[in-house]
Amino acid sequence: MAEGGAVTLYNNTVITDHKQNPVSIKVGLVQMLRGGAILEVSTPNQAKIAEEAGACCLVITEPNPRGISRMPDPALIKQIKRVVSIPIMARSRVGHFVEGQILERVGVDYIDESEALALADEENFINKHNFRCPFVCGCKNLGGALRRVREGAAMIRTQGDLLGTGSIAETVKNVRSVMGEIRILNNMDEDEVFAFSKKIAAPYDLVAQTKQMGRLPVVHFAAGGIVTPADAALMMQLGCDGVFVGSEVFDNCSDPYKRVRGIVEAVRHYNDPHVLVENSCGLEEEMAGLNVSDSEERIEQFGD
């Protein structure tokens with residue numbers, strides 16, 4: 001074991017010195033995204049629309065992926081980087097540290113180790129301390145969030161619906177779960193924190209830090225089914241620092257700029273009902289294709 005408790009894994013050509021990539025710097029780099037909307041794009045045209053509408057960052061995904069979902073083509077990343085000036089994020093498969101190395105080399109600003117893609121490793125996540133690039137990871141509860149932070153995640157994305165149906169129900173459920181567990185933790189006696197950290201299978205020091213801060217120790221975004229300004233404002237009022245918006249907001253839309261701009265403004269002014277009303281007007285046609293219309297699916301989800 002090296003000085004400072006660092007353990008060298010794999011080999012020296014893969015692993016970088018953890019002292020050159022402190023988590024504090026990565027967390028600081030992600031702080032600039034707080035209070036913003038991150039848009040998923042798959043073409044340079046969508047990227048330019050999102051930037052003009054005020055997106056704080058772009059997630060690049062493959063257009064019309066077939067079969068196993070993998071990281072986006074590096075050529076597409078380079079193409080989009082040439083046409084926009086805001087930060088770029090790209091997704092790697094869970095546990096696929098070589099995809100992470102490729103994305104870092106291409107020059108993305110952030111890497112999303114995404115469960116939305118096919119898993120590369122069913123048991124292990126990427127050791128994110130071995131990268132200079134900040135990582136984003138998904139979660140559905142507080143324990144999962146803090147385990148990802150221990151691995152080196154600089155942002156947590158509470159994940160909901162991954163099917164692009166426009167349903168926000170699962171996202172709300174998971175965000176409330178994380179926030180509810182934090183409120184329970186805040187009201188605990190110090191002696192109870194040990195048992196609580198064991199119960200949620202999270203590192204004690206991070207659980208204690210969360211209790212002290214009254215929130216996650218890293219930036220916390222929400223993702224899944226966020227397709228209207230009201231959806232975005234709901235996530236912010238529940239306590240999130242920002243939102244991810246899927247590429248479905250560009251589909252079957254005569255004016256995607258108006259839709260994206262409305263969501264961006266709702267994130268920035270989530271407590272101002274006047275702004276929310278203004279940005280929600282005239283979007284009925286734009287949102288028509290982004291709702292779950294199968295009544296049987298709704299009945300199965302919520303019961304009759």
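How many disulfides does the count come to? I'm working from a predicted model here, and the count comes to zero disulfides.

**Entry: cysteines**

I looked up C133 first. C133 takes part in no disulfide, and the nearest cysteine sulfur belongs to C57, 9.9 Å away. A disulfide needs two cysteine sulfur atoms within 2.5 Å, so that pair is out. I also checked how covered C133 is: with a relative accessible area of 4%, C133 is buried.

Then I went to C137. Why does C137 not bond with the closest cysteine sulfur? Because that sulfur, in C139, is 9.5 Å from the sulfur of C137, which is too far for a bond. C137 is buried too, at 0% relative accessibility. Note to self on the term: a disulfide is a covalent bond between the sulfur atoms of two cysteines.

**Entry: salt bridges**

How many salt bridges does a search of the whole structure find? My note says 13.

I picked out D112 and R91. They form a salt bridge, and their closest N and O atoms are 3.4 Å apart. This pair links distant parts of the chain: D112 sits in strand β4 (residues 110-114), R91 sits in strand β3 (residues 88-93), and they are 21 residues apart. Are D112 and R91 buried or exposed? Both are buried.

Next I looked at E151 and R148, whose side chains meet in a salt bridge at 2.8 Å, N to O. I looked up the cover on R148 as well: its relative accessible area is 10%, so R148 is buried.

The next pair was R268 and E265. Their side chains meet in a salt bridge of 3.3 Å, N to O. How are R268 and E265 placed in helix α10? They are three residues apart in that helix (residues 256-268), so about one helical turn separates them. Their cover is worth writing down: R268 is partly exposed, with a relative accessible area of 43%, while E265 counts as buried at 13%.

One more thing from the salt-bridge search: E40, R91, D112 and R157 are joined into one network by salt bridges that share partners. So my D112 and R91 pair belongs to that network.

**Entry: a charged patch**

Which residues gather in a patch of negative charge on the surface? I found D189, E190, D191 and E192 there. I followed up on D191, which lies in the loop between α6 (169-186) and α7 (193-199). D191 has a relative accessible area of 63%, so I put it down as exposed.

**Entry: an odd phi**

Most residues other than glycine have a negative phi, and most peptide bonds are trans. A201 caught my eye on this point: it is not a glycine, yet it has a positive phi of about 55 degrees. Where is A201? I found A201 in the loop between α7 and α8 (204-213). With a relative accessible area of 47%, A201 is partly exposed.

**Entry: K258 and G282**

Back to helix α10, where I found K258. K258 counts as partly exposed, at 35% relative accessibility. I also looked up its spacing from G282. In sequence, K258 and G282 are 24 residues apart; in space, they are 9.3 Å apart, C-alpha to C-alpha.

Conventions: Residues are numbered from 1 along each chain as its sequence is written. This is a predicted model: local features need pLDDT of at least 70, side-chain atom pairs count only at pLDDT 80 or more; totals for chains, interfaces and linings use all residues. Side-chain values use heavy atoms; hydrogens and water are left out. Buried means under 20% relative accessible area, exposed over 50%, partly exposed in between (1.4 Å probe, protein chains only). Patches are made of residues with over 30% relative accessible area and no salt bridge: like charges are joined within 9 Å, nonpolar side chains (Val, Leu, Ile, Met, Phe, Trp, Tyr) within 5 Å. Accessible areas come from the Shrake-Rupley method with a 1.4 Å probe; for residues, only the protein chains shown count as cover. A salt bridge is a side-chain nitrogen of Lys or Arg within 4 Å of a carboxyl oxygen of Asp or Glu. Lys and Arg count as positive and Asp and Glu as negative; His and the chain ends are not counted. The place of a charge is taken as NZ of Lys, CZ of Arg, CG of Asp or CD of Glu. Helices (H or I, at least four residues) and strands (E, at least two) are DSSP runs, numbered from the N terminus.
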